[in-house]
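Please look through the sequence and the three-dimensional model below before reading on. The paragraphs that follow lead from enclosed spaces to open pockets, and then to the sheets and the domains.

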Amino acid sequence: MEMAIQAEGLRKRYKDHQALDGVDLSVPAGTVLGLLGPNGAGKTTTVRVLTTLLRPDGGHAEVAGYDVVGQPDEVRRRIGLAGQYAAVDGLLTGRENLTLIGVLLHLGKQAARERAEQLLERFDLLGAADRPARTYSGGMRRRLDLAACLVASPSVLFLDEPTTGLDPVSRMALWTAVRELVADGVTVLLTTQYLEEADFLADRIAVVAGGRVIAEGTQDELKRKAGPDRLDITVAHRDTLPDALAALRPGAAGEPEADPEKGIVSLPLGRGIGSIATAAVALESAGIPVTDFAVRRPTLDDVFVTLTGRSAG
Ligand code: ATP
C-alpha cells in the first residue's frame with residue numbers, strides 16, 4: 001500500500017514542554033486520517049511539522065514520498081494546508097483571490113482564471129465571486145480558503161480544525177467538499193475537536209495525547225476498545241433498582257451498574273441478543289416492571305474518555 005504520509009518518532013520540544021514525544025503515523029494514499037485529541041495534545045504541532053512549517057527535533061517524516069526536513073520544497077509543491085483562520089485576502093473578491101494564487105504559482109494568467117472558475121463552481125461560490133471576501137459568511141470564507149489551497153491541485157491536504165465555529169449547514173457543505181476531494185484521490189489529514197466530524201470524514205482515527213499517538217484504528221476498532229455494547233434498562237419505579245441489579249447479576253457478562261438518578265441499570269452485553277433475552281426473562285420472573293430497553297454502542301466520546309480520561313466535548 002502506498003503511504004501518502006509516514007511519520008516515525010517525531011519529537012518537538014518548546015523550551016520546557018515536550019509537545020511531540022514520538023509521534024508515529026501512516027496514512028495510505030487516498031484515505032482520510034482524523035487526528036483527535038484534547039487541547040494541547042500536539043495535533044497542530046504535528047501538522048506544522050508535516051507541512052514543513054516547523055523543524056522536528058527528532059524522528060523522520062515523509063509526505064507524498066519526500067522528506068519533510070531534507071526536501072521541504074518538494075513536499076510543499078504537493079500539499080495544501082487549510083487552517084482554522086482563513087488565509088484569503090478580505091479586500092480581494094473570491095475570484096481575484098483564487099486567480100492571484102494561480103498567477104503566483106506560475107500557472108499563467110489564462111490557466112489561473114480557468115482554475116479559479118472551476119473552484120468557484122465546485123465550492124458553490126460563483127454567486128459571490130465578485131464580492132470582496134470580507135463580506136463572506138464564515139462558511140463561505142472557509143470554502144474559499146479550502147478552494148485557495150486547492151489551486152495547485154495538491155495530492156495531500158492538511159485541514160487543521162476546518163469547521164470550528166461553523167454552523168451545521170456550512171459544516172455539512174465543507175464535509176461534502178472534502179469527501180469529493182477524497183473521491184478524486186486526494187489524501188487528507190484532518191485535526192478536529194468534533195467527534196462527529198472524525199466519524200463522518202475519516203477512514204481511520206489516531207487519538208493523540210501528551211505528544212504521542214495513544215490509539216489508532218477505524219471507528220469500529222476504537223469503539224470496541226471502549227468496551228462492549230451495553231443494555232440500558234429503565235425501571236418503572238426507582239426503588240426497584242436494587243432488586244433489578246440482583247435479578248440481572250446471575251446472567252450478566254459483567255457487573256451491572258445502576259444510575260439511581262435516571263432509574264437506569266446498565267448491563268454489558270457479552271453475548272449480544274442472547275444477553276438481552278436473558279435480562280428480559282430475569283426481570284419478568286422477578287416481577288420488576290421496566291419502561292425502556294435500549295442497546296447503546298460505545299461512541300467515539302466513550303473511546304476518548306476511556307483513553308484520555310477526559311471528554312472530548
Ligand atoms: P489545540 O487543540 O488546543 O489546538 P493541539 O493538540 O493542536 O491543541 P499543539 O498546538 O500542538 O496542541 O500544542 C502542543 C503543546 O505545545 C501545548 O501544550 C502548547 O501549549 C505547546 N506549544 C505550542 N506551540 C508552542 C510555542 N510556539 N511555544 C511554546 N509552547 C508551544
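The lining of the largest cavity in this predicted model divides by class into 5 nonpolar residues, 1 polar residue and 2 charged ones. The residues in question are Ala82, Gly83, Arg142, Asp145, Leu146, Leu159, Pro162 and Leu174, and helix 5 gives the most to this lining, with 3 residues. The volume of the largest cavity is about 40 Å³. Empty space of this kind is found by rolling a probe the size of a water molecule over the atoms, which shows where room is left.

How many cavities of 30 Å³ or more does the count come to? The count comes to 2, and the second largest cavity holds about 40 Å³ of space. Around the second largest cavity stand Ser26, Val27, Pro28, Thr31, Val32, Leu33, Asp203 and Arg204. Two elements, strand 2 and strand 3, give two or more residues each to the lining of the second largest cavity, and the largest share, 3 residues, comes from strand 2. Sorted by class, the lining of the second largest cavity has 4 nonpolar, 2 polar and 2 charged residues.

From the cavities we can turn to the pockets. The largest pocket has a volume of about 380 Å³, and 17 residues line it, with Ile101, Leu105, Ala148, Cys149 and Ala152 lying nearest its centre. Several elements share in building the wall of the largest pocket, since at least two lining residues are supplied by each of helix 2 (72-78), strand 6, helix 3 (94-104) and helix 5 (138-148). In the lining of the largest pocket, 11 residues are nonpolar, 2 are polar and 4 are charged.

The second largest pocket contains about 160 Å³ of space. Its lining is made of Asp232, Glu257, Ala258, Asp259, Lys262, Ile264, Val265, Ser266 and Arg296, and both strand 12 (257-259) and strand 13 (264-268) supply at least two of the lining residues. By class, the lining of the second largest pocket has 3 nonpolar residues, 1 polar residue and 5 charged residues.

The next step is to see how the strands are arranged. In general, the strands of a sheet pair through backbone hydrogen bonds, and they may do so in a parallel or an antiparallel way. One open sheet in this model has 4 strands in the order 2-1-4-5, and its pairing is antiparallel. Strand 2 (17-28) and strand 5 (66-67) stand at the edges of this sheet, and because each has a single partner strand, one side of each is left without a neighbour in the sheet. Strand 1, which covers residues 3-14, pairs with strand 2 in the antiparallel sense over 9 bridges. Which residue of strand 2 is the bridge partner of Arg11? The bridge partner of Arg11 is Asp21, while Lys12 stands opposite Leu20 in strand 2. Strand 1 and strand 2 together form a hairpin with 2 residues between them, and in its turn Lys15 has a positive phi of about 45 degrees.

A second open sheet has 6 strands in the order 6-7-8-3-9-10, and here the pairing is mixed. Its edges are formed by strand 6 (79-82) and strand 10 (212-217), each of which has a single partner strand, so that one side of each is left without a neighbour in the sheet. From one strand to the next, the twist averages 15 degrees. Strand 9, made of residues 204-209, runs antiparallel to strand 10, and 5 bridges join the two; Val207, for example, stands opposite Ala215 in strand 10. Helix 1 lies across strand 3 (32-36), strand 6, strand 7 (156-160) and strand 8 (187-192), and it runs at about 150 degrees to strand 8.

Finally, it helps to step back to the whole chain. The protein chain is divided into domain 1, which spans 3-224, and domain 2, which spans 228-297. The centres of domain 1 and domain 2, taken over C-alpha atoms, are separated by 45 Å.

Definitions and conventions. Residues are numbered from 1 along each chain as its sequence is written. This is a predicted model: local features need pLDDT of at least 70, side-chain atom pairs count only at pLDDT 80 or more; totals for chains, interfaces and linings use all residues. Side-chain values use heavy atoms; hydrogens and water are left out. Two strands pair if DSSP finds at least two bridges between them. Domain bounds come from an automatic or database domain assignment. Axes are lines fitted to C-alpha atoms, for helices over the stretch in contact, and angles run from 0 to 180 degrees between N-to-C directions. Contact means heavy atoms within 4.5 Å. On a 1 Å grid over the protein atoms alone, a cavity is a set of points where a 1.4 Å probe fits but cannot get out, and a pocket is an open set with protein on both sides within 12 Å along at least five of seven lines; lining residues have an atom within 4 Å of a point. Grid points are joined across faces, edges and corners, and a volume is the space filled by probe spheres set on the points. Ala, Val, Leu, Ile, Met, Phe, Trp, Tyr, Cys and Pro count as nonpolar, Asp, Glu, Lys and Arg as charged, and the others, Gly among them, as polar.
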